[in-house]
Amino acid sequence: MTTSASVTTEPEGAIPDGGTVTDRLVEANAQYAAAFGDPGMDARPVLRVAVVACMDARLDLHAALGLQLGDCHTIRNAGGVVTDDVIRSLTISQRALGTRSVVLIHHTGCGMESLTEEFRHELELEVGQRPAWAVEAFRDVDQDVRQSMERVRTSPFLPHTDDVRGFVFDVKTGLLREIDPA
């Protein structure tokens with residue numbers, strides 16, 4: 001297994017019409033900014049909810065959940081796993097910015113189901129330094145949602161843990177399936 005991804009024959013970071021992906025994103029931002037108007041809101045989410053989800057590019061959380069700009073805090077990482085850094089973000093979200101509910105979203109076909117902690121060992125061999133972080137890979141997505149719910153519910157830093165719910169998003173149908181925490 002290689003830890004470096006290669007999916008194209010183009011030079012790294014290049015896009016077929018020239019330039020880099022980052023150049024394309026910066027150009028898109030210039031177009032966005034040209035029509036941008038200050039929405040007049042602060043950082044406090046209108047719905048007082050924080051959504052923790054996988055970083056998978058197939059998940060359009062705002063569309064899937066009917067959310068608008070300003071409705072929620074969105075925290076994303078590989079697998080949507082509740083790590084120490086997610087607890088950090090949730091703590092700030094709740095204690096400083098008023099959120100009260102937490103929604104956890106994993107999904108079918110997650111790449112974290114095909115990794116193991118061996119990934120860290122391979123990285124160490126490749127770069128000469130062992131990562132300080134755990135991979136947090138899993139085999140059973142439902143069980144990992146349960147574990148993530150438990151991590152949120154038992155964190156001493158989070159004062160609002162009575163409305164924590166977990167789901168698995170089906171990448172083929174777009175439907176959420178709620179996970180029983182038991």
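User: Why is C110 not counted as bonded to C54, the closest cysteine by sulfur?

Analyst: A disulfide is called when two cysteine sulfur atoms lie within 2.5 Å, and the sulfur of C110 is 4.1 Å from that of C54, so this pair is too far for a bond. This is a predicted model, in which local features need pLDDT of at least 70, side-chain atom pairs count only at pLDDT 80 or more, and totals for chains, interfaces and linings use all residues. Residues are numbered from 1 along each chain as its sequence is written, and side-chain values use heavy atoms, with hydrogens and water left out.

User: What makes C110 and C72 buried?

Analyst: Buried means under 20% relative accessible area, exposed over 50% and partly exposed in between, with a 1.4 Å probe and protein chains only. C110 has 6% relative accessibility and C72 has 12%, so both count as buried.

User: How do you know that C72 forms no disulfide?

Analyst: The closest cysteine sulfur to that of C72 is in C54, 16 Å away, which is too far for a bond; the structure holds zero disulfides.

User: Why is helix 1 said to lie largely in the open?

Analyst: Helix 1 covers residues 21–34, a DSSP run of H or I with at least four residues, as helices are defined here, numbered from the N terminus. Of its 14 residues the number buried is zero, so helix 1 lies largely in the open.

Key. Helix = DSSP H or I, 4+ residues; strand = E, 2+ residues; numbered from the N terminus. Expected span 1.5 Å × (residues − 1).
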